[in-house]
Number of protein chains: 4
Amino acid sequence: MTKNRLEAFSDGVFAIIITILVLELKIPHDSTFSALRPLLPVFLTYVLSFVFLAIYWNNHHHMLHTVHRVNGRILWANMHLLFWLSLIPFTTGWMGENHFASEPTAVYGMVLLMAAIAYTILTMEIVSHHGPDSVLAAAIGKDVKGKISIVGYVAAIALAFVDQWFSDAIYVAIALLWLVPDKRIEKRLDEH
Amino acid sequence: MTKNRLEAFSDGVFAIIITILVLELKIPHDSTFSALRPLLPVFLTYVLSFVFLAIYWNNHHHMLHTVHRVNGRILWANMHLLFWLSLIPFTTGWMGENHFASEPTAVYGMVLLMAAIAYTILTMEIVSHHGPDSVLAAAIGKDVKGKISIVGYVAAIALAFVDQWFSDAIYVAIALLWLVPDKRIEKRLDEH
Amino acid sequence: MTKNRLEAFSDGVFAIIITILVLELKIPHDSTFSALRPLLPVFLTYVLSFVFLAIYWNNHHHMLHTVHRVNGRILWANMHLLFWLSLIPFTTGWMGENHFASEPTAVYGMVLLMAAIAYTILTMEIVSHHGPDSVLAAAIGKDVKGKISIVGYVAAIALAFVDQWFSDAIYVAIALLWLVPDKRIEKRLDEH
Amino acid sequence: MTKNRLEAFSDGVFAIIITILVLELKIPHDSTFSALRPLLPVFLTYVLSFVFLAIYWNNHHHMLHTVHRVNGRILWANMHLLFWLSLIPFTTGWMGENHFASEPTAVYGMVLLMAAIAYTILTMEIVSHHGPDSVLAAAIGKDVKGKISIVGYVAAIALAFVDQWFSDAIYVAIALLWLVPDKRIEKRLDEH
């Protein structure tokens with residue numbers, strides 16, 4: 001079974017999720033710059049979620065590049081990842097409209113946490129299908145970034161009830177951690 | 001005629017339908033967890049419809065994998081399937097917002113029933129175009145799952161006027177029945 | 001220059017237009033069947049527009065199948081077609097919500113007329129790029145269906161101010177005329 | 001690393017942005033032609049933004065056609081471009097609903113300016129990855145059109161506070177400048 005349609009379908013879903021995010025930026029009725037000011041938190045959450053989705057697309061792109069065979073388990077692990085990512089426009093809008101209040105900030109982190117777990121499951125399914133000696137398995141290694149992210153999301157969810165700005169700082173830090181493209185895979189691929 | 005554009009167009013429609021489903025999850029104005037509670041039925045119907053659409057995409061993917069030639073009848077049978085699937089966001093939203101009331105639950109099943117019939121027609125068109133000795137024809141066999149589903153939808157529509165929870169239980173049962181990827185086709189393909 | 005991205009982009013736009021059409025079907029607040037009755041005209045226009053867009057996609061698919069080379073003029077003729085098609089959800093919604101009133105019915109026909117003209121221009125650009133002896137040129141022949149459609153749209157626009165049901169009957173008749181897949185091209189292709 | 005998924009993902013985002021633009025054309029409740037009159041500025045901005053996005057897609061298509069290798073920097077430069085383009089439906093709607101008032105007209109230009117800068121960065125990344133002797137580097141040459149556009153946008157933003165019709169005239173002029181497909185690249189490619 002080829003991976004082409006899996007990529008095409010995922011690309012479609014990624015493209016739509018990343019684009020409907022912007023629908024949360026409601027057009028103000030007033031035509032002055034000050035009418036844009038209340039939109040600032042919505043805009044900032046838009047940028048943050050855009051970056052997270054771009055990171056997921058980027059890593060998804062890199063990972064599937066190493067994939068040769070796709071089976072039913074991989075298809076469903078991929079659907080599971082897309083499910084959690086599809087909730088990001090909702091959590092983004094809720095956090096943005098409520099100016100980063102505690103509960104929406106925690107829920108934003110929960111969906112990111114579930115997406116990170118889903119991505120880990122997808123990776124494991126692909127590795128188990130291709131064997132521990134495959135390019136991907138070697139490239140992932142101990143997946144330090146993935147583990148840091150999951151710990152970070154758990155901390156951010158808890159800290160949202162202390163002071164949500166800790167949580168937002170953690171989200172930004174995790175995004176920055178991943179903004180560097182996945183050198184691990186790129187490097188290994190160059191060697192092959 | 002190649003099947004590539006048929007797949008690409010269908011993937012696009014699947015990706016959009018599955019993503020606009022989430023637009024029914026209206027962002028609450030309040031920032032508390034209790035503001036999320038009224039969204040629970042909408043969320044549950046979202047999960048159910050996401051799973052149904054994922055199942056359709058998965059089976060569509062498997063079936064078209066076996067297809068070599070596409071003709072006008074297959075193109076239209078595919079459009080017919082996409083038409084009924086495109087109504088799922090509407091029926092999902094109606095059922096979710098009305099907390100699984102009888103009529104929306106019945107209409108939800110009617111659209112699923114029409115989609116299941118459309119899928120059966122598409123399968124028959126592909127089989128008749130490829131011949132009764134093709135891989136697909138052999139893999140489909142007696143299509144027990146498809147027949148059970150159609151009987152299940154008819155029962156669910158009728159039972160919605162007795163107690164709609166019967167209907168919802170049937171929808172969940174049918175989804176679980178299909179969640180197992182279509183081993184019939186996968187197995188036959190492995191032999192070729 | 002290859003035609004693949006032109007097809008991929010067009011497929012994306014077709015898929016999105018055909019799917020956002022359904023967003024005009026606003027979910028009723030009431031949970032009874034009678035709450036669906038006011039939606040009937042919107043649903044009927046949805047079916048009509050879905051069929052028109054499916055016809056366009058089908059014919060676009062057939063036509064591009066015969067295309068070998070793409071140039072800037074073809075890219076823009078294609079964009080021009082997509083522009084008019086992108087207005088169909090608007091005219092569909094306007095006609096449906098106003099229960100087929102005269103003006104919306106006329107505007108619906110105007111957009112279909114412009115799309116038909118844009119399709120004719122696209123065909124001419126492709127034929128002129130491939131030469132009068134190409135498969136496509138031979139397959140199009142005198143383009144009787146295309147000419148009948150354009151005359152039909154003009155008549156429907158005028159008749160909308162006499163009695164809009166004439167116009168709607170013409171729209172349905174044109175859709176039925178095209179529902180038959182383009183045998184002209186399919187037949188010629190089989191000979192090659 | 002292949003460029004196919006980069007194209008597919010970008011095509012998806014382009015297709016969705018260009019199509020959700022039309023959602024700003026809100027369906028009037030009245031069924032008379034006069035009900036369409038208030039929509040005229042929204043429609044005109046729709047046409048303008050449609051043309052800009054079509055130009056970007058066209059040029060993106062031409063540019064990626066010359067690309068052989070993709071790296072992480074190119075992926076992110078492309079994401080950066082898509083980010084700014086994704087804001088066009090918002091700025092289009094704001095400018096259209098406020099009948100080309102000064103501030104929305106300036107913000108419309110700012111987003112176009114940022115998109116033009118992002119496109120320049122993407123071009124530079126691709127050229128630097130392929131070398132100064134590549135087809136693309138030769139084809140771009142001094143990029144006169146790109147430089148004129150950036151100067152034009154800056155002027156339009158400033159002039160919006162004098163008289164916004166100057167700005168709108170500049171936007172139309174830049175669109176016309178680009179409507180001619182990028183002969184530079186087409187010509188060079190023909191020579192190879």
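Chain A and chain C make no contact with each other, and their closest C-alpha atoms sit 8 Å apart. The story repeats for chain B and chain D, which do not touch either, with nearest C-alpha atoms 8 Å apart. Keep in mind that this is a predicted model. What follows covers who does touch whom, how the copies are related, and what a chain looks like on its own.

**How the copies are related**

- Take chain B and turn it by 90 degrees, with a shift of 0.0 Å along the axis, and you can lay it on chain A with an RMSD of 0.0 Å.
- That is the relation of a four-fold axis.
- Which residue of chain B comes closest to the rotation axis? It's B:Gly12, with its C-alpha at 4.2 Å.
- The copies use different surfaces here, as 12% of the contact residues of chain B recur in chain A.
- Chain C goes onto chain B by a rotation of 90 degrees with 0.0 Å of shift along its axis, again with an RMSD of 0.0 Å.
- In chain C, the C-alpha nearest that axis belongs to C:Gly12, 4.2 Å away from it.
- Only 12% of the interface residues of chain C are also interface residues in chain B, so these copies meet through different surfaces too.

**Where chain B meets chain A**

- Chain B puts 24 residues into this contact, and chain A puts in 24 residues as well.
- On the chain B side, the elements giving two or more residues are helix H1 (4-20) and helix H2 (40-65) of chain B.
- H1(B) supplies the largest share of that side, nine residues.
- Sorted by character, the chain B side that touches chain A has 14 nonpolar, seven polar and three charged residues.

**Where chain C meets chain B**

- How many residues of chain C are in contact with chain B? There are 24, and they meet 24 residues of chain B.
- Two or more residues of the chain C side come from each of helix H1 (4-20) and helix H2 (40-65) of chain C.
- H1(C) gives the largest share of the side that touches chain B, nine residues.
- The mix on the side of chain C that touches chain B is 14 nonpolar, seven polar and three charged residues.

**A helix pair inside chain B**

- Two packed helices are described by the angle between their axes and the distance between the axes.
- For helix H7 (residues 144-159) and helix H8 (residues 164-179) of chain B, the angle is about 165 degrees and the axes are 8 Å apart.
- Why does that angle make H7(B) roughly antiparallel to H8(B)? Because angles over 145 degrees count as roughly antiparallel.
- H7(B) passes H8(B) in a left-handed crossing.
- On the H7(B) side, the residues making the contact include B:Ile148, B:Gly152, B:Ala155 and B:Leu159.
- From H8(B), the partners include B:Phe166, B:Ile170, B:Ile174 and B:Trp178.
- The residues of this H7(B) and H8(B) contact come out as 11 nonpolar, three polar and one charged.

**Chain A on its own**

- Chain A has nine helices and zero strands.
- Reading from the N terminus, its elements run α-α-α-α-α-α-α-α-α.
- The radius of gyration of chain A is 18 Å, close to the 16 Å that the globule rule gives for 192 residues, so chain A is as compact as a globular protein of that length.
- Along the principal axes, the C-alpha atoms of chain A fill a box of roughly 55 × 35 × 30 Å.

Definitions and conventions
Residues are numbered from 1 along each chain as its sequence is written. Chains are lettered from A and ligands numbered from 1 in the order in which they are written. This is a predicted model: local features need pLDDT of at least 70, side-chain atom pairs count only at pLDDT 80 or more; totals for chains, interfaces and linings use all residues. Axes are lines fitted to C-alpha atoms, for helices over the stretch in contact, and angles run from 0 to 180 degrees between N-to-C directions. Helices (H or I, at least four residues) and strands (E, at least two) are DSSP runs, numbered from the N terminus. A crossing is left-handed if the near helix is turned anticlockwise from the far one by less than a right angle, and right-handed if clockwise. Two residues are in contact if their C-beta atoms, placed from the backbone, lie within 7 Å. Ala, Val, Leu, Ile, Met, Phe, Trp, Tyr, Cys and Pro count as nonpolar, Asp, Glu, Lys and Arg as charged, and the others, Gly among them, as polar. Copies are superposed by least squares on the C-alpha atoms of residues with pLDDT of at least 70 in both. The radius of gyration is taken over C-alpha atoms; the globule rule is 2.2 Å times the number of residues to the power 0.38.
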